[in-house]
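Grab a pencil and work through the exercises below with the structure open beside you. Try each task before you read its solution.

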Amino acid sequence: MYHEPVMINECIKGLAIKPDGIYVDITYGSGGHSKEILKKLTKGKLIAFDQDDDAIRNKIEDERLTLIHQNFRYMKNFLKLYKTVPVDGIIADLGVSSHQLDVAERGFSTRFDGELDLRMDRKKRLSAREVVNNYSERQLREIFFKYGEIKNALKLAAIIEKSRRESEIKTTSHLKDIISICAKRGRENKYYAQVFQALRIEVNNELEILKVMLGQTVEVLKQGGRLVVISYHSLEDRLVKNFLKSGNFKGEIEKDFYGNPIVNFKLINKKPIIPNEEEIKRNNRSRSAKLRIAEKI
Ligand SMILES: C[S@@+](CC[C@H](N)C(=O)[O-])C[C@H]1O[C@@H](n2cnc3c(N)ncnc32)[C@H](O)[C@@H]1O
């Protein structure tokens, strides 16, 4: 299982690693970022999370690493359980790993035929098949519009509803066949990517969990601790950007009695960092990545 870590040098620099510090990689994946963090640590510790059992099977053998098979929504509780609060830095590399994309039967990739699954945690009940076949037409319309930013979500939901009355939609190819008439000619792949993004966000409850996790970072980071986040689409990036700027998800900065802004983070980079052309050429998965780095005040 190989996954080239996205913007690895920028992330390591952003974490400003202290060799004896405590760091948290909440999206372990194939351990690409974790491996580099470990190289910078001497007596320090690394706590990592992943909800996917494939990631857990791929643990780097290193006694400074504790890998926790949990959703990162429980980050704060587990860090407390392991008596590692407060921490010096947290990295989140959101989205799916190359491994998840490469295993056809998990349904993450629009390139292969696979099950309509899309669960990162396979112990969970809700899969994309359940969403596509059992959500009401209205619910489908809403998730495609909100999470896929699909303009003709109305037509898309109606087509799915009509087709599933004839037979259950079970595979990624089956879904693509049905919805291809909703896509602009020559833009089918982009359209499928938006549809799959919407289903993935719904199945894994990604945006709500991202908000919970971001809220917890303020509680677990030390003063001066670093938060490094890579997001892969605008819905995620907007939440990260607003939270770092204002401490809430609307991005509206509140002021105290004296008119001073109440903020939790100082932004290290005002604009998001994006991969250079060479990295994008080498690793296509990095093309939509945006990196934001902040320091807890
Ligand atoms: C983009 S990959 C991380 C790759 C990793 N940085 C590397 O270099 O190998 C994202 C990983 O985060 C995991 N993940 C996504 N959301 C999660 C959540 N809410 N809780 C725990 N793990 C999550 C996924 O299962 C996936 O393995």
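Let's begin with one pair of residues: valine 24 stands opposite isoleucine 90 in S4. Keep in mind that you are looking at a predicted model.

**Exercise 1.** Find out in which sense strands S1 and S4 pair, and over how many bridges.

*Solution.* Step one: locate S1 at residues 22–25 and S4 at residues 87–93. Step two: recall that strands of a sheet pair through backbone hydrogen bonds, either parallel or antiparallel. Step three: here S1 and S4 pair in the parallel sense, over three bridges.

**Exercise 2.** Write down the strand order of the open sheet, then work out which strands stand at the edges.

*Solution.* Start with the order: the seven strands run S3-S2-S1-S4-S5-S7-S6, and the pairing is mixed. Now look at the two ends of that list. Strand S3 (65–68) and strand S6 (265–267) each have a single partner strand, so one side of each is left without a neighbour in the sheet. As a bonus, neighbouring strands of this sheet are turned by 20° against each other on average, ignoring direction.

**Exercise 3.** Name the strands that helix H1 lies across, and those that helix H11 touches.

*Solution.* Take H1 (residues 8–15): it lies across S1, S4, S5 and S7, running at about 165° to S5. Next comes H11 (residues 206–220), which packs on the sheet and touches S4, S5, S6 and S7. The direction of H11 makes about 155° with that of S5.

**Exercise 4.** Decide how the buried residues of helix H7 are arranged around its axis.

*Solution.* First, list them: Leu140, Ile143, Phe144, Tyr147 and Gly148 are the buried residues of H7. Second, look down the axis: they fall within an arc of 100°, so they line one face of the helix. Third, check the other side of H7, where Arg138 and Phe145 are exposed. Finally, ask what covers the buried residues: the cover includes H6, H8, H10, H11 and H12.

**Exercise 5.** Track down some backbone oddities in the loops, starting from what is usual: most residues other than glycine have a negative phi, and most peptide bonds are trans.

*Solution.* Begin in the loop between H1 and S1, where alanine 16 sits. Phi of alanine 16 is positive, near 45°, and this residue is partly exposed, with a relative accessible area of 41%. Move on to glutamate 149, in the loop between H7 and H8: its phi is also positive, about 50°, and it is partly exposed at 36%. Last, a cis peptide bond joins valine 85 and proline 86, with omega about 0°. You'll find proline 86 in the loop between helix H4 and S4.

Note on methods:
Residues numbered from 1 in each chain as written. Predicted model: local features only at pLDDT ≥ 70, side-chain atom pairs only at ≥ 80, totals over all residues. Heavy atoms only, no water. Pairing = 2+ DSSP bridges. Helix = DSSP H or I, 4+ residues; strand = E, 2+ residues; numbered from the N terminus. Axes fitted to C-alpha atoms, helices over the stretch in contact; angles between N-to-C directions. Contact = heavy atoms within 4.5 Å. Buried < 20%, exposed > 50% of the residue type's maximum accessible area, 1.4 Å probe, protein only. Arc of directions from axis to C-beta.
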